[in-house]
Amino acid sequence: ESTDIKTRAFAELFQEYPEHLPAILRHHRENLGVSRYKKFAWIYKELLKKPVTETLLDALGARFSQIVYEQILRAPFVPGARETLAACASRDVPVFIISGTPHDELTRILEARGLLPYVTQAWGTPTEKREAIRHIRSRFGFDPSEMLFVGDGMSDYRAATGEGIPFLARDTGPEATDWRGLGVPSVPDLTCLASLSPGQSLTLTSPDDGIPPLIVTLKNGQAR
């Protein structure tokens, strides 16, 4: 549960620009999963109208990491997330993490929270999400229909749909993406995935009858 932590970090990082904070936070929320460095550059170029240098971006990134790192280590897991990871590991289902967090920081977080044993491979920025998906398919030989992308931001959705992979949205609350408006199945947490057994199918429906259900089946150690 790191979304609110990162939102507060943006607010703290740019607190000297109160007139721009609503736009800064809106941009952050509308671009969950996008590299923080791309957001910094957008803020300086589009809102603050100030020059952007690599030195400035590095300084902002270091300060942002300092603000969020310890908080993320203490943050609660999304309900069902750890159980789903453990279940996948016990059933030989490969799990990949593709994140907008810088790669080195992501690896440190996964290690500190004891999650590395559950993860087949992880990618953080600067690797783009679609690039990571292509790497997974190339290395492991998966067809898009044999994969499931679970995410909470538009960058996740665009990466999955751009590569033809079924997408399940995790709804993070009232300020989240309007998944229903996009016709995307969503769940409030991941408890529904934790109990999925080989050969069992799970049908995920939406409150909106116009959204087709997403059927997830575990076959031969793979989520399809």
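Me: Within what distance do the axes of H7 and H8 come, and at roughly what angle do they cross?
Reply: In this predicted model, the axes of H7 and H8 come within 9 Å and cross at roughly 40°. Axes are lines fitted to C-alpha atoms, for helices over the stretch in contact, with angles from 0 to 180 degrees between N-to-C directions. Helices (H or I, at least four residues) and strands (E, at least two) are DSSP runs numbered from the N terminus.

Me: Any ground rules?
Reply: Residues are numbered from 1 along each chain as its sequence is written, and side-chain values use heavy atoms, leaving out hydrogens and water. Local features need pLDDT of at least 70 and side-chain atom pairs count only at pLDDT 80 or more, while totals for chains, interfaces and linings use all residues.

Me: Which word describes H7 and H8 relative to each other?
Reply: Oblique, because of that crossing angle; under 35 degrees counts as roughly parallel, over 145 as roughly antiparallel, 65 to 115 as roughly perpendicular, and the rest as oblique.

Me: Which residues meet there, H7 against H8?
Reply: From H7, Lys129, Arg130 and Ile133. They meet Ser155, Asp156, Arg158, Ala159, Ala160 and Gly162 in H8, contact being heavy atoms within 4.5 Å. Three of the residues in the contact of H7 with H8 are nonpolar, two polar and four charged. Nonpolar is Ala, Val, Leu, Ile, Met, Phe, Trp, Tyr, Cys and Pro, charged is Asp, Glu, Lys and Arg, and polar is the others, Gly among them.

Me: What sits between E2 and H7?
Reply: A loop that contains Pro126; E2 itself covers 121–125. The peptide bond from Thr125 to Pro126 is cis, with omega near 20°.

Me: Other end now. At roughly what angle do H1 and H4 cross?
Reply: Roughly 140°, with the axes of H1 (residues 3–13) and H4 (residues 54–74) coming within 10 Å. That makes H1 oblique to H4.

Me: Who makes that contact between H1 and H4?
Reply: H1 contributes Ile5, Lys6, Arg8, Ala9, Phe10, Glu12 and Leu13. On the H4 side are Leu60, Arg63, Phe64, Ile67, Val68, Gln71 and Ile72. The contact of H1 with H4 holds nine nonpolar residues, one polar and four charged.

Me: And at roughly what angle do H3 and H4 cross?
Reply: At roughly 120°, with axes that come within 10 Å. H3 and H4 are therefore oblique to each other.

Me: Which residues of H3 and H4 meet?
Reply: Arg36, Tyr37, Phe40, Ala41 and Tyr44 in H3 touch Leu56, Leu57, Asp58, Leu60, Gly61, Phe64 and Ser65 in H4. The contact of H3 with H4 divides into eight nonpolar, two polar and two charged residues. Leu60 and Phe64 of H4 also take part in the contact with H1.

Me: Which residue in the loop between H3 and H4 deserves a look?
Reply: Lys49 lies in that loop. Phi of Lys49 is near 55°, a positive value in a residue other than glycine.
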